[in-house]
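Please open the structure in your viewer and keep the selection tool at hand. The tour below suggests what to select at each stop and says what is found there.

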Amino acid sequence: RKDHNASSSNTPLLHNFACPRVSSMIEKGDAGLPNPSQPNIRIIGVGYARTGTYSLKVALNFLGYKCYHFEDIFLHEGHSRYWARLLEHLQKGEKVTIDWDYLFQGYDAVLDFPHVLFLDELRVRYPKATLLLTSRDADTWLASMKLLIGTGEGLRRHRSILRYFSSNLDDFLTITKYINTTAFPSLTDTDMVAAYERHNAEMRAAGATEITMGSGWRGVCDAVGVRTHPSVPYPQLNSHAGVLKTYVVKRFLRSLILWYVLPLGLLVCCLRVCMSWV
């Protein structure tokens with residue numbers, strides 16, 4: 001397992017990053033999340049992305065957990081900036097302190113990248129947490145993962161335009177670049193599959209409970225000790241990187257409406273009023 005030069009401490013990382021707005025939130029004990037108490041992480045998802053982690057998040061939330069997933073980084077003010085600056089410092093080989101309590105406030109489970117890259121630290125900090133390994137056939141995982149990476153690279157190529165429609169696009173690109181360069185020696189098929197299979201083998205050896213894609217409620221409920229399986233269908237979500245694409249489209253449409261449609265509508269109304277006076 002790679003050493004990321006990260007350690008836990010009571011000193012918030014962002015205080016050292018000169019981010020006053022977020023630092024103020026931390027000092028006041030308010031990160032904009034529902035539960036201000038110290039997090040008690042009961043589940044750590046140790047599976048790589050594209051192994052059903054988003055479906056697992058929705059399933060665990062249905063069972064009463066609250067899961068912090070890659071998506072949640074962009075749902076809370078300050079989190080994407082926090083992660084981006086943190087990973088920028090790690091990319092430079094600098095040692096940093098991660099304030100996990102700030103990030104996981106209000107949550108009791110964590111899944112997906114980039115958290116999987118910090119498993120050694122998370123397992124020490126939350127020793128009683130259950131480890132859940134989501135997995136799927138290596139070939140189908142590779143195809144799905146490369147599609148996700150390709151979607152991100154498409155955003156990177158057009159960032160000069162797209163950044164006007166998403167305030168945290170640069171954060172997203174910084175985070176995903178770190179994930180891709182840290183999780184995999186290279187983005188060749190051979191290296192990616194080797195890294196994926198090596199990681200899964202390490203997690204099985206560490207005692208993680210494995211949930212294979214397609215096992216549905218049975219796999220999840222057995223892993224977390226829930227005897228009665230829900231009667232609703234198991235969530236099958238985020239196929240073909242749908243969450244990322246939906247996020248980008250929503251950001252684009254929102255910005256389009258706020259910046260162009262509404263101003264144009266107001267302009268038309270003003271012109272009609274002026275014309276009525278003539």
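## The whole chain

Residues 24 or more positions apart account for 78% of those contacts in the protein that have a separation of 6 or more. What you have open is a predicted model, and with the whole protein shown as a cartoon you can look for its eleven helices and seven strands. If you then colour the 278 residues of the protein by burial, 47% of them are buried.

## The two cores

Select next the largest nonpolar core, which has 52 residues, and begin with Ile44, Trp83, Trp100, Leu103, Phe104 and Phe113, the residues with the most contacts inside it. At least two residues of this core come from each of several elements, among them α3 (79–91), β4 (96–98), α4 (100–103), α5 (119–125) and β6 (130–135), and likewise from α6, α8 and α9 (189–205). Which element gives the largest share of this core? That element is α8, which supplies seven residues. A second core, separate from the one just described, has 16 residues, and to find it you can select Ala59, Tyr65, Cys67 and Ala223, which are included in it. As background to both selections, nonpolar side chains in soluble globular proteins tend to be buried together.

## Helix α6 and its two partners

Now show helix α6 (residues 138–157) together with helix α8 (residues 169–183), whose axes come within 10 Å and cross at roughly 135°. Because angles over 145 degrees would count as roughly antiparallel and those from 65 to 115 as roughly perpendicular, α6 and α8 are described as oblique to each other. Their crossing is left-handed. To see the contact itself, display the side of α6 with Ile149, Gly152, Leu155 and Arg156, which meet Leu169, Phe172, Leu173, Thr176, Lys177 and Asn180 in α8. The residues of this contact between α6 and α8 divide into five nonpolar, three polar and two charged.

Keep α6 on screen and add α9, since the axes of α6 and α9 also come within 10 Å, here crossing at roughly 115°. The crossing of α6 and α9 is right-handed. On α6 the contact is made by Ala138, Trp141, Leu142, Met145, Lys146 and Ile149, and on α9 by Asp189, Met192, Val193, Tyr196 and Glu197. Sorted by type, the residues of the contact of α6 with α9 are eight nonpolar, no polar and three charged. Ile149 is worth a label of its own, as it appears in the contact of α6 with α8 and again in the contact of α6 with α9.

## Helix α2 and helix α10

For the last stop, select helix α2 (residues 53–62) and helix α10 (residues 216–224), which pack at an angle of about 60° with their axes 11 Å apart. These two helices are therefore oblique to each other, and their crossing is right-handed. Leu56, Ala59, Leu60 and Phe62 in α2 meet Trp217, Val220 and Val224 in α10. What kinds of residues make up the contact of α2 with α10? They divide into seven nonpolar, no polar and no charged.

Stay with α2 for a moment and ask which of its residues are buried. They are Thr53, Tyr54, Ser55, Leu56, Lys57, Ala59 and Leu60. With seven of its ten residues buried, α2 is therefore largely enclosed by the rest of the structure. Finally, step past the end of α2 to Gly64, which follows the helix and has a positive phi, near 110°.

Technical notes
Residues numbered from 1 in each chain as written. Predicted model: local features only at pLDDT ≥ 70, side-chain atom pairs only at ≥ 80, totals over all residues. Heavy atoms only, no water. Axes fitted to C-alpha atoms, helices over the stretch in contact; angles between N-to-C directions. Helix = DSSP H or I, 4+ residues; strand = E, 2+ residues; numbered from the N terminus. Parallel < 35°, antiparallel > 145°, perpendicular 65-115°, else oblique. Left-handed = near helix turned anticlockwise from the far one by under 90°. Contact = heavy atoms within 4.5 Å. Nonpolar A, V, L, I, M, F, W, Y, C, P; charged D, E, K, R; others polar. Core = buried A, V, L, I, M, F, W, Y, C linked by side-chain atoms within 4.5 Å. Buried < 20%, exposed > 50% of the residue type's maximum accessible area, 1.4 Å probe, protein only.
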